[in-house]
Amino acid sequence: MVQMLRQIELGRMLALLPVSLAERNARPQLTWRPVDDAPEAAFAVAWPQNSPSLAVAAFVRIATAVSAGRQASLVAGAAEIA
């Protein structure tokens, strides 16, 4: 991540990044702007197939639970609008 932000600082690239990343990486050399009309992004979690890491397993469980919670709230919100 640091290398990518450095490339942006040097004017070699630009990127669409989540707001959470902007909040954690504020620096005077970068300008962050929200893209309010951008479509929602889908993310996936990838890890080595035979990973014995308990940390990886915990991360995947939490990411899946957070995703399921967001999906449930989106569906509930859509039902209220309809």
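Select helix H1 (2–9), helix H2 (19–24) and helix H3 (54–81): each of them supplies at least two residues to the lining of the largest pocket. Keep in mind that the model is predicted. Colour H3 separately, since this helix gives the most to that lining, with nine residues.

Next, show the pocket itself. Its volume is about 1500 Å³, and 34 residues line the space. To find the middle, select Leu-17, Pro-18, Val-19, Ala-41 and Phe-43, the lining residues that lie nearest the centre of the largest pocket. Then colour the lining by residue class: 25 of its residues are nonpolar, five are polar and four are charged.

Now stay with H3 and pick Phe-59, which is found in this helix. Is Phe-59 buried or exposed? Its relative accessibility is 52%, and exposed means over 50%, so Phe-59 counts as exposed. Add Val-45 and Trp-47 to the selection: together with Phe-59 they form a nonpolar patch on the surface. The accessible area of the three residues together is about 310 Å².

For the last stop, go to the loop between H1 and H2 and select Leu-16. This residue has a relative accessible area of 76%, which means that Leu-16 is exposed as well. Draw a distance from the C-alpha of Leu-16 to the C-alpha of Arg-33; it should read 9.6 Å. In sequence, Leu-16 and Arg-33 are 17 residues apart.

Terms used:
Residues numbered from 1 in each chain as written. Predicted model: local features only at pLDDT ≥ 70, side-chain atom pairs only at ≥ 80, totals over all residues. Heavy atoms only, no water. 1 Å grid on protein atoms, 1.4 Å probe; cavity = no way out; pocket = protein on both sides within 12 Å on 5 of 7 lines; lining within 4 Å. Points joined across faces, edges and corners; volume = space filled by probe spheres on them. Helix = DSSP H or I, 4+ residues; strand = E, 2+ residues; numbered from the N terminus. Nonpolar A, V, L, I, M, F, W, Y, C, P; charged D, E, K, R; others polar. Patch = residues over 30% accessible without salt bridge, like charges linked within 9 Å, V, L, I, M, F, W, Y side chains within 5 Å. Areas by Shrake-Rupley, 256 points an atom, 1.4 Å probe, with all protein chains shown as cover. Salt bridge = Lys/Arg side-chain N within 4 Å of Asp/Glu carboxyl O. Buried < 20%, exposed > 50% of the residue type's maximum accessible area, 1.4 Å probe, protein only.
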